[in-house]
Every structure is written in structure tokens, then in C-alpha cells.
Number of protein chains: 2
Amino acid sequence: MAIIDGKALAEIIKLEIREEVLRLKEAKQNIPHLAAVLIGNNPASESYVKSKVRSCEHVGYESTLIRKDDSITEEELLDIVKDLNEEEDIDGFIVQLPLPDHIDDSKITLAIDPKKDVDGFHPVNFGRMAQGLPCYLPATPFGIMTMLERHKIETEGKHCLVLGRSNIVGSPMSILLSRKAYPGNCTVTLAHSRTKDLTAETLRADIIIAAIGIPNFVSGDMVKEGVVVIDVGINRVEDSSKRRGYRLVGDVDYDSVMPKASFITPVPGGVGPMTVTSLLLNTLRASKKEIYT
Amino acid sequence: MAIIDGKALAEIIKLEIREEVLRLKEAKQNIPHLAAVLIGNNPASESYVKSKVRSCEHVGYESTLIRKDDSITEEELLDIVKDLNEEEDIDGFIVQLPLPDHIDDSKITLAIDPKKDVDGFHPVNFGRMAQGLPCYLPATPFGIMTMLERHKIETEGKHCLVLGRSNIVGSPMSILLSRKAYPGNCTVTLAHSRTKDLTAETLRADIIIAAIGIPNFVSGDMVKEGVVVIDVGINRVEDSSKRRGYRLVGDVDYDSVMPKASFITPVPGGVGPMTVTSLLLNTLRASKKEIYT
């Protein structure tokens with residue numbers, strides 16, 4: 001059994017990126033520049049954005065943080081997006097979701113130039129991914145693919161169960177693992193809230209990607225020996241023994257599943273740290289114009 | 001057991017479209033206008049395009065056929081696409097694939113304005129489909145969804161097996177049947193050439209979408225009683241008893257599967273006729289600016 005240490009892998013990749021940035025600096029080439037737009041004071045969003053900006057600094061990227069009060073109008077935010085689309089000095093940018101209720105998330109996402117959409121949320125990037133064309137992969141799926149690849153986990157012909165059909169994790173994971181490539185060539189089943197007899201599905205899976213947002217949902221008696229488990233869940237459960245009053249758990253009951261798994265990601269410290277790394281990699285690709293010219 | 005008569009259903013839908021066009025004419029509104037670009041003399045392509053143009057005339061659309069010799073350069077074809085993108089009078093257009101070897105299919109597809117991409121092949125439309133946004137669905141998946149809907153086939157919680165992961169059929173079908181909608185809410189497994197023990201997959205499926213291009217591949221002993229079978233295959237097999245020397249068969253061995261199926265599509269006369277209908281429906285939506293303004 002091997003625990004996939006996402007935190008350690010993320011550090012290794014950041015080191016590789018840092019070295020690449022040093023080479024770019026020496027060669028007097030374009031240094032990647034990421035901008036992040038943060039609206040309002042949602043503490044989770046604030047912490048995510050800060051961590052992204054900090055990671056940029058860590059690897060030597062330029063970064064720009066644009067903060068606006070949540071009284072901003074949709075029109076004003078669209079103007080910011082338009083400026084960032086046009087600003088030649090910015091290679092890629094993200095608008096941290098969720099946005100205030102009076103702003104349509106999807107309208108903002110669609111306004112971002114796909115060339116600078118380093119979150120990989122624009123339909124153009126999603127469609128290109130599905131059609132096997134060069135694109136920015138969405139952060140979490142990209143992180144998971146990197147984990148599978150770096151740990152040389154066999155995927156061809158394996159039965160993979162994806163739990164959850166969200167646009168940002170489940171649905172793209174099912175597409176990526178189905179495609180004719182490595183990691184990929186899995187027989188993928190996409191399961192969700194309407195799936196009947198979910199245990200029958202988990203029991204036959206060689207690889208489980210759990211992304212349903214239910215704490216400790218997948219238990220040891222639901223999986224077979226040797227399963228590879230990627231736990232995307234980040235759920236808060238009450239815990240009076242912790243100073244903050246809660247602890248973070250995944251969608252997988254780690255203690256009971258771990259002894260049966262050949263590979264498993266912990267929560268925290270598994271998939272989570274890899275998402276920022278994906279953003280950095282996408283920004284690097286953007287600055288090198290690898291995907292779009 | 002019910003045979004899903006695609007030919008009859010396509011006729012019904014064309015009649016509905018024809019009535020709608022008459023209403024549009026009476027109200028002096030915009031009449032849908034489809035253009036088709038045909039390069040070279042591939043007999044199959046020629047026959048498809050002719051059937052599309054004929055269908056347009058049949059329902060009262062305006063249509064334009066642009067024929068070019070296969071000596072056309074990529075640059076020249078891109079110019080034609082550009083003109084069609086800009087021509088206000090054209091609501092939607094298709095460039096019949098495959099194109100001659102010296103032209104990059106994907107480059108042409110990407111050059112089509114997504115607003116006029118009534119084939120639903122552009123990544124923007126694919127991505128919007130996957131993200132549940134309004135879009136033009138690709139013709140064959142749209143036709144299959146229409147069949148399931150018009151025949152009121154239950155899909156929620158059913159186990160659906162999609163055989164084949166092509167960009168134009170298998171992959172989009174797996175997405176559409178997974179989504180939270182009707183038809184949809186299936187637990188979908190996407191299988192392909194690298195899938196091991198395919199019979200285990202077919203035996204547990206409530207719904208099978210066969211799109212692998214192997215004549216008579218799915219046989220009666222591979223399916224369970226009551227299965228719904230949608231056969232997308234159109235394969236030529238030699239048949240000296242036919243004047244043209246071949247007959248058309250699907251990916252499903254009709255004779256052995258039919259007695260066990262609750263619903264089944266024949267070949268020919270099943271999915272095939274529905275694809276032109278999808279194109280007409282997309283063109284109607286384009287002319288009404290239902291998807292893009």
C-alpha cells in the first residue's frame with residue numbers, strides 16, 4: 001500500500017517550475033504572469049486566492065491581485081475581465097468563484113479569453129479537452145492526472161469509477177480517463193446521486209475517483225483489495241477536540257479503506273495541494289504560448 | 001418488444017418543422033437557411049450532402065450547396081468558411097467531412113463560427129454541452145436523445161453502456177446520458193477497444209448505445225432480457241444476393257438481440273434518418289437565435 005503524498009509531489013513540481021523560471025530569466029525570456037480577481041470577503045475564497053498568489057511568488061512568477069468589494073456590478077466585473085483579456089503583460093488570469101449572487105458566474109467565465117483561461121473552465125477548453133485537442137485542463141483533474149502519471153499507476157483496461165458528475169471534477173475526469181492516452185484507456189463508469197446500488201459499482205472498480213462531497217462516504221467494505229483511491233472531497237466535520245471546532249475529511253473513510261488500497265490519497269495533503277500546481281503549470285504554458293498562439 | 005422506427009420518427013419531426021416554417025412564412029419572419037460545403041467526389045459524402053439539401057427543400061428551408069474540386073487549398077477553404085461566417089443570410093452551415101488529406105479537418109472545424117456550427121462539432125459547442133449550457137448538439141447524439149424522448153424510454157438510474165469513444169458519437173452520448181435531465185440521469189459506462197471482458201459490461205446494461213463500427217458485434221448472448229438497444233453502426237458487409245454486392249448492417253446482431261430487447265433500432269432505418277433531422281432542428285434554432293444571440 002502506498003500513500004500518495006500530494007503535498008510532497010506539489011513541492012517537487014513547484015521546484016521544477018522554479019528552475020524553469022530561472023532558466024527563462026537567464027535567457028531574458030517572458031516570465032509567467034498570473035492575475036487573480038477576488039470579489040468580496042468570503043474567507044475560503046480569500047484563503048484560496050492568497051495561496052495561489054503565494055505560490056506564484058514562490059516559483060518566481062509575476063502576480064497581480066485585483067480585489068473588489070462585493071458591491072461591484074456585473075458590468076464592472078466584465079470590464080475588468082475585458083481589460084485582463086487585452087493586457088499583453090498578463091499571461092493568464094482567474095476569477096475566483098463563487099461570485100456574489102447578483103453576478104452570473106457563467107457569464108463571467110464565458111467572457112474570459114480561452115487563451116488566458118488558466119482555470120480551464122471556459123467551454124472552449126472543456127470542448128478541446130473532450131476532443132483531445134491541446135487545452136488548459138481544469139485544475140483538479142489536471143492535478144489528479146499528474147498524480148497518476150508521476151506514481152506510474154497503471155490505467156489501461158482498468159475499470160475506473162468516478163463518483164460525482166460536477167463540471168469541474170467528475171465530468172472532466174470521466175472524459176480524461178476514457179481517452180486513448182496515458183493516463184487513460186480506462187473503462188470509465190460515471191456514477192452520481194441517481195445511481196442505483198452504488199456498492200456494486202464501487203466493488204468492481206480498480207480505480208475510484210471520489211468527488212461527491214459526502215464525508216467518509218466510501219467505506220472499506222465497499223471496495224476491493226488493491227483498489228486505487230483518489231479522494232477529492234474536502235468536508236468539514238465537527239470536532240470539539242480541535243481549536244477551530246472542526247476537522248477536514250474526504251469522501252472516503254480513510255481508516256477502513258486504506259488497508260485495502262494499493263494507492264490512496266489522504267485528506268488533507270492529497271489532491272488539494274495539486275490544484276495550485278496545475279494552475280502554475282497552465283500559466284507556464286500560457287506564457288510559452290504552448291496551447292494557443 | 002418495440003422496434004424504434006427512426007425513419008418514421010424522422011418524417012414526423014420533418015412534418016413538425018415544415019409546419020413551423022409555414023408559420024414563419026406567414027408571419028413574414030426569417031426562413032432558416034443552411035449552407036453545405038462539399039469538397040471532392042467521395043460518393044458517401046456526396047450522398048449525405050444531397051440528402052441534407054433535399055431535406056432542407058422538403059421542410060421549406062433555403063439551402064445553398066457549395067461544391068469545390070478536391071484540388072482546393074486549405075487557405076481557400078478557410079476563406080469560404082470565413083465568408084459563410086460573415087454572410088448574414090446564412091443561419092448555419094456544415095463542411096462535409098472527411099476532407100482531402102492535404103486539409104486539416106480540425107483546423108476547418110475550429111474556423112467555423114460556433115454560432116453557425118449546426119453540426120455541433122466545434123469545441124465551444126462540445127464544451128457547452130458538457131457544461132449543460134445551451135448549444136448545438138452533434139447530429140447523431142441529438143437524434144438518439146430525440147428517439148429516447150419521443151419513445152418515452154425510462155433512463156433515470158438505468159445502467160447505460162456506451163460502446164465506442166468517438167468525438168462525434170460515443171463521447172458526447174456518455175456525457176448527455178450522465179447529465180441531470182431527461183433523457184439522462186443514467187449511470188454511464190464508456191467502453192472501447194481497451195476494455196477487458198466486454199461481455200460482463202454488456203450483460204449488466206439496461207441501455208446499450210453501440211458505436212464501434214464492427215458488424216454484428218453485440219450478439220444475443222451478450223445482452224440481458226429487456227435491454228434497450230440503440231445501434232449506431234452502419235457497416236457494409238459483402239452480399240452477392242444484392243445487386244450492389246453488399247448490404248448494410250449495424251454493430252448489433254439484430255436477429256439474435258431483437259427477441260431479448262424491449263426497444264431496438266434497426267439498421268438501416270434506425271439512427272441514420274434521425275441525424276438529418278437533428279441538423280434541421282439545429283438550423284431552425286440558429287435562425288431563431290435560440291442558442292446564441
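Which residue of E6(B) does Thr189(A) stand opposite? Thr189(A) stands opposite Thr189(B), and the views below start from that spot. This is a predicted model, in which local features need pLDDT of at least 70, side-chain atom pairs count only at pLDDT 80 or more, and totals for chains, interfaces and linings use all residues. Residues are numbered from 1 along each chain as its sequence is written, while chains are lettered from A and ligands numbered from 1 in the order in which they are written.

**View 1. Strand E6 of chain A meets strand E6 of chain B.** Three bridges join E6(A), residues 187-191, to E6(B), and the two run antiparallel. Strands (E, at least two residues) and helices (H or I, at least four) are DSSP runs, numbered from the N terminus. Two strands count as paired if DSSP finds at least two bridges between them. Look for Thr189(A), standing opposite Thr189(B). Thr189(B) also has Leu161(B) standing opposite it.

**View 2. Here is the side of chain B that touches chain A.** On this side, 26 residues of chain B are in contact with 27 residues of chain A; being in contact means that the C-beta atoms of two residues, placed from the backbone, lie within 7 Å. The elements of chain B that give two or more residues to this side are helix H5 (123-130), helix H7 (170-178) and strand E6 (187-191). H5(B) gives the most, with seven residues. Sorted by kind, the residues on this side of chain B are nine nonpolar, 12 polar and five charged. For that sorting, Ala, Val, Leu, Ile, Met, Phe, Trp, Tyr, Cys and Pro count as nonpolar, Asp, Glu, Lys and Arg as charged, and the others, Gly among them, as polar.

**View 3. Zoom in on Pro123(B), which sits in helix H5 of chain B.** Is Pro123(B) buried or exposed? Pro123(B) is buried, with 26 other C-beta atoms within 10 Å. The cut-offs are these: a residue is buried if 20 or more other C-beta atoms lie within 10 Å of its own, exposed if 12 or fewer, and partly exposed in between, with C-beta atoms placed from the backbone. Set aside its neighbours within four places in sequence, and Pro123(B) is in contact with Val124(A), Gly127(A), Arg128(A), Gln131(A) and Leu133(A). As for Val169(B), 46 residues separate it from Pro123(B) in sequence and 14 Å in space, C-alpha to C-alpha.

**View 4. Helix H7 and strand E5 of chain B are both covered up.** Nine of the nine residues of H7(B) are buried, so this helix is largely enclosed by the rest of the structure. Among them are Gly170(B), Met173(B) and Leu177(B). Strand E5(B), residues 159-163, is mostly covered too, with five of its five residues buried. In a regular strand, side chains alternate between the two faces of the sheet. On one side of E5(B) you'll find His159(B), Leu161(B) and Leu163(B), and on the other Cys160(B) and Val162(B), all of them buried. E5(B) pairs with E6(B) in the parallel sense over five bridges.

**View 5. Three strands of chain B form an open sheet.** Their order is E3-E2-E4, and the pairing is parallel. The edge strands are E3 (62-68) and E4 (92-95), each pairing on one side only. On average, neighbouring strands of this sheet are turned by 15° against each other, direction ignored. E2(B), residues 33-39, pairs with E3(B) over seven bridges, and one pair of bridge partners is Leu38(B) with Arg67(B). H2(B) lies across E2 and E3 of chain B, running at about 165° to E2(B). Axes here are lines fitted to C-alpha atoms, for helices over the stretch in contact, and angles run from 0 to 180 degrees between N-to-C directions.

**View 6. Helices H1 and H2 of chain B pack against each other.** H1(B), residues 6-26, and H2(B), residues 43-59, pack at about 55°, with their axes 8 Å apart. They are therefore oblique to each other: angles under 35 degrees count as roughly parallel, over 145 as roughly antiparallel, 65 to 115 as roughly perpendicular and the rest as oblique. The contact is made by Lys14(B), Ile17(B), Arg18(B) and Val21(B) of H1(B) and by Ser55(B), His58(B) and Val59(B) of H2(B).
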